[in-house]
Amino acid sequence: LPGINGQLPYVDVKDDYMIYVGRDGAFFKLDFRDPRHPVKLCDAPRELPPHGRINRYFTHLTLNHDRTKAFLDLGFEGNNRTWVQGTLDLATGAFEPWTVTDFLTNHGQINPVRDDVALVASDNCWTLPKAIDLMKLSGWYPRVWIVRRDGRRELQPIRIGRYATHENWNQDGSGFYWCGNAGVVRQDLETGAQECVAPRKAA
């Protein structure tokens, strides 16, 4: 199926469908039991003033708890200074911005049970000048972030090991995991407590 820049669709293995974006920026639902007839859900904005023309809607798509909104981590053509995160209403195409970052922000994942918090990453942060400066300032590997609907964003400390990648929510939304040199680490969303649950180097 056509997509944009390798963006990965949302696949619901329970109800046997997927949500994806076409080359024209429209969002579609494809029932795997009727794969020849995708259903258009909405048009997404092609531009977001003042940031410009959108060239990436998401890295890997996630939906909110009732599957009515998609979480987007937007990138823009010719604009390597601004990234925008927020939700798209799949019925109307209305976009609600949450946060704006001046460093690469991608791999967005909305919490599976809460519609006000999402997990994002700063991919390739070991090569990005702003991230390197932040790492020197904070002492933490600056990949994993929490963003909130009210505009707040919080760098998550990597206390176990000095590296993190491939983060993902718990199914119940109470925390998240990442892989790293120390193994697979789980962090509690509310307390920030971290535990290595699989002490093998992982990616």
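This is a short guided tour of selected strands and loops in a predicted model.

**Stop 1: the four-stranded sheet**

Select β15, β16, β17 and β18. They form an open sheet, in the order β15-β16-β17-β18. The pairing is antiparallel. Which strands stand at the edges? Colour 165–169 and 194–198: these are β15 and β18. Each of the two has a single partner strand, so one side of each is left without a neighbour in the sheet. Now look at the twist. On average, neighbouring strands here are turned by 25° against each other, direction ignored.

**Stop 2: β16 against β17**

Stay in the sheet and isolate residues 175–180 and residues 183–188. The selection holds strands β16 and β17, which run antiparallel. How many bridges join them? The count is six. Pick Tyr177 and look across to β17. The residue standing opposite is Arg186.

**Stop 3: His166 on the edge strand**

Move to β15 and select His166, which lies in that strand. Check its backbone. Phi of His166 is positive, about 50°, although the residue is not a glycine. Most residues other than glycine have a negative phi. Recall the setting: β15 is an edge strand of the sheet.

**Stop 4: the β11–β12 hairpin**

Leave the sheet and select residues 106–110, strand β11. Is this strand enclosed or open? Five of its five residues are buried, so β11 is largely enclosed by the rest of the structure. Add residues 117–121 to bring in β12. Three bridges join the two strands, which run antiparallel. One pair to pick out is Asn106 with Ala121, its bridge partner in β12. Together β11 and β12 form a hairpin, with six residues between them.

**Stop 5: Asn124, after the hairpin**

Select Asn124. Where is it? Asn124 sits in the loop between β12 and α1, the latter spanning 129–138. Its phi is near 60°, again a positive value in a residue other than glycine. Turn on the surface. Asn124 is partly exposed, and its relative accessible area is 35%.

**Stop 6: a cis peptide bond**

Finish at Pro49 and Pro50. What is the geometry of the peptide bond from Pro49 to Pro50? The bond is cis, and omega is near 0°. Most peptide bonds are trans. To place the site, show β5 (47–48) and β6 (52–56): Pro50 lies in the loop between them.

Key:
Residues numbered from 1 in each chain as written. Predicted model: local features only at pLDDT ≥ 70, side-chain atom pairs only at ≥ 80, totals over all residues. Heavy atoms only, no water. Pairing = 2+ DSSP bridges. Axes fitted to C-alpha atoms, helices over the stretch in contact; angles between N-to-C directions. Buried < 20%, exposed > 50% of the residue type's maximum accessible area, 1.4 Å probe, protein only.
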